[in-house]
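Hi everyone, thanks for coming along. I'd like to walk you through one model today, so let me put it up on the screen.

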Amino acid sequence: MDQARSTISKIFNGEPHSYTRFNLTQNMEGDNSQVEMKLSSDVDEETGGNGVGDHLNHNSNRKSYVAEKLGRTPKNLCFMAAVIFFIFITGYLIGYLVHRNKNLAPTCALSALSFEDTVVAHETGAAPLMDWDDVKKLLAQKLTAPSLDTALSDFTSSSHQAGSPGDENLGNKVLKKFKEYGMNTWTEEHFVKVQDPPASGYNRIVFKNGSEERPRGFLSYSAQGTATGAVLYARYGQEDTFKQLKNMNINMTGRVMLVRAGRISFAEKVANAAKMNASAVLIYPDPTDYSIGEDTPLYGHVHMGSGDPYTPGFPSFNHTQFPPVQSSGLPNILAQTITAGRATNILRQLKGRSQPDDWEGMNRLGDESDVITVEVNNVFTEKKINNVFGVIKGFVDADRYVVIGAQRDAWGPGFAASTVGTSVLVELARSISDMVKNDGFKPRRSIVFASWSAGEYGSVGATEWLEGYLSSLSMKAFTYIDLDGIVTGRNGFKVAASPLLNNLIQNTLNEVMYDKDKSLFSQFGKGNWESSIMEPLRLDSAAYPFLAFSGIPSVAFRFHSGYSDYSYFGTMLDTRENLNSVTASQVPQLAVKAGQFAGHIALRLVHDHLLQMDLKKYDQLIRRHVVKINTKVKAVQRMQPQLLPKALTVQWLIMASGSYSRASRGLAADIQNSDLEDIEMCRMINDRIMTVERNFLSPYISPRDSPFRHILLGSGPHTLEALSSHLDALKTDDPGADAELFRNQFALATWTIQTCANSLAGDIWSLDNEI
């Protein structure tokens with residue numbers, strides 16, 4: 001760990017190089033750019049002079065001296081007049097040129113503050129000697145389908161499960177490539193505890209005294225032991241489904257839930273079943289969702305979190321001496337996958353009530369006679385995993401960086417799961433390194449390329465890195481771009497990201513071409529582009545812990561089939577041939593477009609003078625939550641007045657929301673009134689922007705209990721969404737509702753928003769004191 005820290009310190013503490021200066025401000029509210037005229041006092045500050053008065057005194061003293069030496073003869077007076085006229089003309093010309101340059105400067109920086117929905121068309125002036133259009137052209141020239149095709153072949157592997165020799169071999173290949181490109185490189189090893197299927201024994205299920213089944217698939221981090229109970233069909237295992245079953249007066253205690261894969265993660269399905277006091281969960285790939293055959297096993301994990309669940313909140317380095325502890329996200333019930341054929345056989349025999357009319361299919365739910373026994377004997381093992389890194393250092397703010405990452409491991413071939421992402425990662429590193437070495441591109445900030453291991457166990461490699469360097473990463477890493485699963489089809493395009501990146505994503509969609517005549521935006525952004533392209537960030541995405549655990553704005557994206565999820569994830573059938581079958585053999589071409597999308601976002605963030613972050617999007621999101629909570633509080637006070645007294649008011653939350661809104665507008669005003677030629681001023685403004693995501697992490701929640709502490713996009717009782725759901729439970733006088741707990745969580749969430757507003761405001765004397 002000390003060696004890794006030393007390496008990081010050496011890499012990011014380099015001396016800054018030259019940069020292009022410009023003077024432009026643009027209103028975050030969408031107003032036109034305004035040129036700021038620099039007055040004489042500004043010039044004095046830069047040159048170190050004593051002001052206009054000193055210059056006049058100096059000239060006056062000089063004229064007195066001339067008069068004394070030469071006398072006031074007509075000849076001398078003419079000479080003095082000529083000198084004064086010459087000085088006047090010289091000053092006028094200098095003033096004219098300065099004024100002219102200031103008027104011309106904004107054409108190089110039209111979009112430095114593209115917080116509104118505008119298409120970026122020009123350079124922002126941050127990358128020295130390189131126009132943004134030239135940067136885009138260079139990336140398009142370097143990142144090509146033939147080069148991606150070669151990389152896909154180089155990194156294809158039939159067996160590279162986390163910690164295996166195949167995984168280590170691929171890691172060495174990535175490291176070798178990074179070194180060939182002249183990048184600063186380092187590796188980091190972790191010793192993590194994972195759960196694998198029994199090496200000598202087996203897991204088993206027995207339905208209605210039938211023959212014993214020994215499934216080959218498994219779910220890591222399941223509870224161990226044996227459970228016997230009646231089967232209950234629960235569709236996809238979503239919260240709404242269990243609420244529907246509860247409203248049907250079905251007792252779910254001790255039942256074995258049979259649920260379909262898809263829509264939400266395996267971990268969420270098991271966690272939802274555990275809340276209903278189920279004894280076990282069986283997950284299967286329904287033929288209507290998965291075209292993988294009747295006997296294909298599924299693999300996955302059920303940790304409701306990320307990283308090593310036995311070192312929650314701290315890294316799994318070999319020399320750590322933390323006492324034994326485990327994540328609160330580990331399930332306390334059994335979980336196992338079964339094949340589609342076995343599930344179909346069970347469904348045909350179920351008795352009991354028919355499923356609700358709004359569920360597709362004709363299945364019965366099962367009754368008390370449909371007994372099944374589930375036995376899970378998974379074993380724990382410690383594995384050494386390696387993360388591999390390479391960095392392209394910035395020329396101005398080298399200690400600020402964007403991170404681009406991809407998982408390297410997979411349960412089987414993992415072509416779509418890891419091979420495509422790893423290939424794009426390496427090709428982006430090659431392309432951008434070549435732009436810096438041979439084409440004169442000078443990124444303002446650094447780019448870190450990361451190859452993670454143990455992604456299939458729940459983003460373990462990525463999360464352990466975050467836990468190891470959380471305090472420094474949250475101050476310096478300003479965006480994470482996830483390359484996992486970026487090509488799973490060709491008919492649709494989806495993006496999941498922090499709201500701060502919304503406008504940057506829209507601009508990138510307009511810049512990256514899907515074909516010769518259409519951009520990604522025009523191809524996939526039909527109607528309301530946000531509803532057609534944007535989606536929530538998934539819990540099982542590696543971008544999620546960066547955002548919800550570490551407070552780093554993150555983005556994940558994917559080409560998809562347009563009608564269902566990729567069928568072969570988590571199976572041994574995730575091969576190049578099967579991915580070709582759903583992409584019309586266009587994998588290299590789609591990988592290039594995916595690489596260009598990721599590359600444009602990264603390059604824009606390291607090229608621009610100011611970070612493109614859309615502060616207003618969070619303002620809108622907070623306001624929507626506040627309106628919903630306000631309405632529900634009033635409903636509870638009307639229907640259950642004994643639970644929430646009239647003294648409880650939403651006014652404080654409303655005021656905190658207003659504070660954030662005013663702080664974001666205040667930052668826009670500060671940008672307009674600041675000298676953006678001042679490198680330190682721009683750094684301060686960018687740092688204020690970077691605090692937003694981090695300060696939405698609740699400081700009142702332990703990472704061990706609720707690792708995803710983000711109050712808007714996280715998971716747990718501290719989130720605004722959970723507060724809204726808690727109010728629903730209070731309104732119906734649900735036994736699980738707790739009015740006192742709600743009031744505490746409500747107060748803490750309110751203050752978290754106010755704290756974020758205070759941080760965004762900047763100086764202590766700029767804080768909004770109305771609360």
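Let's begin with R263, which is exposed at a relative accessible area of 52%; by the cut-offs used here, exposed means over 50% relative accessible area, buried under 20%, and partly exposed in between, with a 1.4 Å probe and protein chains only. R263 sits in the loop between β5 and α9, and its phi is positive, about 75°, although it is not a glycine. As general background, most residues other than glycine have a negative phi.

Before going further, a word on the source: this is a predicted model, where local features need pLDDT of at least 70, side-chain atom pairs count only at pLDDT 80 or more, and totals for chains, interfaces and linings use all residues. Residues are numbered from 1 along each chain as its sequence is written, and side-chain values use heavy atoms, with hydrogens and water left out.

Now for R235, another residue with positive phi, near 50°. Is R235 buried or exposed? R235 is buried, with a relative accessible area of 13%, and its place is in the loop between β4 and α8. Helices and strands here are DSSP runs, numbered from the N terminus: H or I over at least four residues for helices, E over at least two for strands.

That loop brings us to α8 itself, residues 239–247. Its buried residues are T241, F242 and L245. Seen down the axis of α8, they fall within an arc of 95°, so they line one face of the helix; the arc is that of the directions from the helix axis to the C-beta atoms. Generally, an α-helix has 3.6 residues a turn, so residues three or four places apart point the same way. On the other side of α8, D240 and N247 are exposed. What do the buried residues of α8 pack against? They meet β4 (225–233), β5 (256–260) and α9 (266–275), where contact means heavy atoms within 4.5 Å. Just after the helix, N249 takes a positive phi of about 60°.

Moving on to α9, we find E268 there. E268 is partly exposed, at a relative accessible area of 23%. Leaving aside residues up to four places away in sequence, E268 touches G237, M304 and L539. Its C-alpha atom is separated by 7.5 Å from that of V302, 34 residues apart along the chain.

Let's zoom out. The protein chain has 24 helices and 15 strands, and buried residues make up 57% of its 771 residues. Of the contacts between residues at least 6 apart in sequence, 80% join residues at least 24 apart.

How many disulfides does a search of the whole structure find? The search finds zero, taking a disulfide as a pair of cysteine sulfur atoms within 2.5 Å. Among the cysteines, C682 is buried at 0% relative accessibility, and C756 is buried with a relative accessible area of 0%.

Last stop, the lining of the largest cavity. By class, that lining has six nonpolar, six polar and three charged residues. Here Ala, Val, Leu, Ile, Met, Phe, Trp, Tyr, Cys and Pro count as nonpolar, Asp, Glu, Lys and Arg as charged, and the others, Gly among them, as polar. A cavity is a set of points, on a 1 Å grid over the protein atoms alone, where a 1.4 Å probe fits but cannot get out, and lining residues have an atom within 4 Å of a point.

Thanks for listening!
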